[in-house]
Amino acid sequence: LSPGELGALADSTNEYIGGREDVTPIDGIAPAGLCSALVLIGAYDRRTGCPVLGVINEPFFRRDPLTHRWQGRYHWGVAYGDTRLCSLSP
């Protein structure tokens, strides 16, 4: 695909605005607060509307116990033609 054939999207949660760090995870999933804040950036085929690639960033994944600084992580995926790849692939 050429750049002109792609559409872009971006989305994020508003959980970082409150800055809550005291939310207890339920079954390993944070229902609110900084640990549930996500940023999504993606691209799609403008002709078909099908997603082509995406990246999700978790900027507040966990706090380092020594430095008390937040550590982030990200996941990505690509789906175009017969190509299917993601950061969670073995």
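Leaving aside its neighbours within four places in sequence, which residues is Asp 45 in contact with? The contacts (heavy atoms within 4.5 Å) are with Leu 1, Glu 5, Cys 50 and Val 52. Asp 45 sits in strand 2, and it counts as buried because its relative accessibility is 7%; buried here is under 20% relative accessible area, exposed is over 50%, and partly exposed is in between, with a 1.4 Å probe and protein chains only.

A word on the numbers before going further. The model is a predicted one, so local features need pLDDT of at least 70 and side-chain atom pairs count only at pLDDT 80 or more, while totals for chains, interfaces and linings use all residues. Residues are numbered from 1 along each chain as its sequence is written, and side-chain values use heavy atoms, with hydrogens and water left out.

Now for the overall layout. The chain holds one helix and five strands, in the order β-α-β-β-β-β from the N terminus. These elements are DSSP runs numbered from the N terminus, a helix being H or I with at least four residues and a strand being E with at least two. The radius of gyration is 16 Å, whereas a compact globule of 90 residues would come out near 12 Å; that value is taken over C-alpha atoms, and the globule rule is 2.2 Å times the number of residues to the power 0.38. Along the principal axes, the C-alpha atoms fill a box of roughly 45 × 30 × 25 Å. Of the 90 residues in the chain, 17% are buried. Among contacts with a separation of 6 or more, 35% come from residues 24 or more positions apart.

As for the surface, about 6,800 Å² of the chain is exposed, and carbon and sulfur atoms supply 58% of that (Shrake-Rupley areas with a 1.4 Å probe; for residues, only the protein chains shown count as cover). On the charge side, there are 8 positive and 10 negative side chains, and the centres of the two sets lie 3 Å apart. Lys and Arg count as positive and Asp and Glu as negative, with His and the chain ends not counted; each charge is placed at NZ of Lys, CZ of Arg, CG of Asp or CD of Glu.

The strand pairings can be followed along the chain, with two strands taken as paired if DSSP finds at least two bridges between them. Strand 1 (residues 6–12) runs antiparallel to strand 2 (residues 39–45), and seven bridges join them. Within this pairing, Ala 10 has Ile 41 as its bridge partner. Strand 2 is also antiparallel to strand 3 (residues 51–63), this time through six bridges. Ile 41 turns up again here, bridged to Val 55 of strand 3, and Ala 43 has Leu 53 as its partner in that strand. Five residues separate strands 2 and 3 in their hairpin, and Gly 49 in the turn has a positive phi of about 80°.

Strand 3 goes on to pair with strand 4, antiparallel again, through eight bridges. Val 55 has Trp 76 as its bridge partner in strand 4. The hairpin formed by strands 3 and 4 has six residues between them. At the C-terminal end of the list, strand 4 (residues 70–80) is joined to the antiparallel strand 5 (residues 83–86) by four bridges, with Gly 77 partnered by Cys 86. Two residues lie between these strands in their hairpin, where Gly 81 in the turn shows a positive phi of about 60°.The loops hold a couple of backbone oddities. Most residues other than glycine have a negative phi. His 68, in the loop between strand 3 and strand 4, has a positive phi near 65° without being a glycine. In that loop too is Arg 69, which counts as exposed because its relative accessibility is 60%. Apart from neighbours within four places in sequence, Arg 69 is in contact with Arg 62, Arg 63 and Asp 64.

Asp 27 belongs to the loop between helix 1 (15–18) and strand 2. Its phi is positive, about 55°, although Asp 27 is not a glycine, and at 79% relative accessibility it counts as exposed. Pro 31 is found in the loop between helix 1 and strand 2 as well, and is partly exposed, with a relative accessible area of 49%. Not counting residues up to four places away in sequence, Pro 31 touches Val 23, Thr 24, Pro 25, Ile 26 and Ser 36. The C-alpha atoms of Pro 31 and Thr 13 are 12 Å apart, with the two residues 18 positions apart along the chain.
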